[in-house]
Amino acid sequence: MKIWEGRIPANDRRFGITYDNLAGTYREQGKLKLARETFQRALENISANFPPNHPEVSTALNNVGLAELAVGNVEVGKAYIDRSMAITAATLGKSHLSYAVSLGYLGDALKAAKDYDGARKAYRDAIDVVDAALGPNHKRTIFPLSELGRLEYSQGNFSDAVEHFRKA
């Protein structure tokens with residue numbers, strides 16, 4: 001970012017991308033509060049540089065939502081993910097793979113909120129979207145299948161968990 005500073009305006013969209021990359025690094029280092037703050041800065045920059053229904057805004061909303069979930073702000077995180085899903089559904093459609101990704105994140109938020117039936121449905125819907133777009137048994141189903149398996153395991157539904165893990 002030091003190279004960009006002074007060379008481009010502070011609100012240039014390249015800063016949003018850089019903030020996003022930096023936040024991801026903080027998240028991987030376990031610096032969750034710093035990651036959340038930096039993802040928020042990325043969202044602010046991206047929102048200022050793209051139309052409100054742009055897929056980049058949707059991605060930034062998902063990132064902030066996941067960061068909020070990571071620090072325990074489940075309802076706040078879910079609200080960001082819901083906003084992202086609305087944008088993706090309106091701009092790309094509910095059969096788009098980006099929508100499946102958001103469904104997986106929604107499943108994470110619902111699981112964190114202890115809405116296990118809602119989480120189960122979100123993960124299954126994500127699998128259905130990927131299956132419809134890419135065919136059954138595509139590698140993009142691994143994430144929602146694994147999350148569904150973890151959910152079933154946590155609920156004591158071991159045979160269902162095994163089935164999902166084996167399929168993944």
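This tour proceeds from the whole chain to selected helices, loops, side-chain pairs and a surface patch.

**The whole chain**

Begin with the complete protein chain, bearing in mind that the model is predicted. In a cartoon representation, the chain shows eight helices and zero strands, and the pattern read along the sequence is α-α-α-α-α-α-α-α. Along the principal axes, the C-alpha trace spans about 60 × 30 × 25 Å. The radius of gyration is 17 Å, which agrees with the value near 15 Å for a compact globule of 168 residues.

Next, display the surface. The protein chain exposes about 9200 Å², of which carbon and sulfur atoms supply 52%. Buried residues account for 42% of the 168 residues. If contacts are drawn between residues at least 6 apart in sequence, 45% of them join residues at least 24 apart.

**Helix 5 and its cover**

Select residues 97–112, which form helix 5. This helix has 16 residues and reaches 23 Å from its first C-alpha to its last, close to the 22 Å expected at 1.5 Å a residue. Show its side chains and colour them by accessibility. The buried residues of helix 5 are L97, Y99, A100, S102, L103, G104, L106, G107, D108, A109 and L110.

Which helices cover these buried residues of helix 5? Select helix 3 (55–70), helix 4 (74–91), helix 6 (116–134) and helix 7, which are included in that cover.

**Two loop residues with positive phi**

Move just past the end of helix 5 to K114, where phi takes a positive value of about 65°. K114 is found in the loop between helix 5 and helix 6. Its relative accessible area is 60%, so K114 is exposed.

Then select N137, in the loop between helix 6 and helix 7. Phi of N137 is near 70°, again positive in a residue other than glycine. N137 is exposed, because its relative accessible area is 60%. As background for both stops, most residues other than glycine have a negative phi.

**Salt bridges**

Side chains of opposite charge can pair when their charged atoms come close. A search of the whole structure finds nine salt bridges, and three of the pairs are visited here.

Select R36 and E68 and place a distance label between the closest N and O atoms of their salt bridge, which are 3.8 Å apart. R36 lies in helix 2 (residues 32–49) and E68 in helix 3, so the pair ties together parts that are 32 residues apart in sequence. Is E68 buried or exposed? Its relative accessibility is 8%, so E68 counts as buried.

Proceed to K78 and D82, whose salt bridge brings the closest N and O atoms to 2.7 Å. Both residues belong to helix 4; because they are four residues apart, about one helical turn separates them. D82 counts as partly exposed, with a relative accessibility of 31%.

The third pair is R120 and E152, whose side chains meet in a salt bridge at 2.7 Å, N to O. This pair links distant parts of the chain, with R120 in helix 6 and E152 in helix 7, 32 residues apart. Both R120 and E152 are buried; for R120, the relative accessibility is 12%.

Keep R120 selected and show the residues around it. Leaving aside neighbours within four places in sequence, R120 is in contact with L148, L151, E152, Q155 and N157. Now add D117 and R124 to the selection: together with R120 and E152, they are linked in a network of salt bridges.

**A nonpolar patch on the surface**

For the final stop, return to the surface display and select Y153, F158 and F165. These residues form a nonpolar patch on the surface, with about 340 Å² of accessible area together. Y153 lies in helix 7 (residues 142–154). Which accessibility class applies to Y153? Y153 counts as exposed, because its relative accessibility is 51% and the class begins over 50%.

How values were computed: Residues are numbered from 1 along each chain as its sequence is written. This is a predicted model: local features need pLDDT of at least 70, side-chain atom pairs count only at pLDDT 80 or more; totals for chains, interfaces and linings use all residues. Side-chain values use heavy atoms; hydrogens and water are left out. Patches are made of residues with over 30% relative accessible area and no salt bridge: like charges are joined within 9 Å, nonpolar side chains (Val, Leu, Ile, Met, Phe, Trp, Tyr) within 5 Å. Accessible areas come from the Shrake-Rupley method with a 1.4 Å probe; for residues, only the protein chains shown count as cover. A salt bridge is a side-chain nitrogen of Lys or Arg within 4 Å of a carboxyl oxygen of Asp or Glu. Buried means under 20% relative accessible area, exposed over 50%, partly exposed in between (1.4 Å probe, protein chains only). The expected span of a helix is 1.5 Å times one less than its number of residues. Contact means heavy atoms within 4.5 Å. The radius of gyration is taken over C-alpha atoms; the globule rule is 2.2 Å times the number of residues to the power 0.38.
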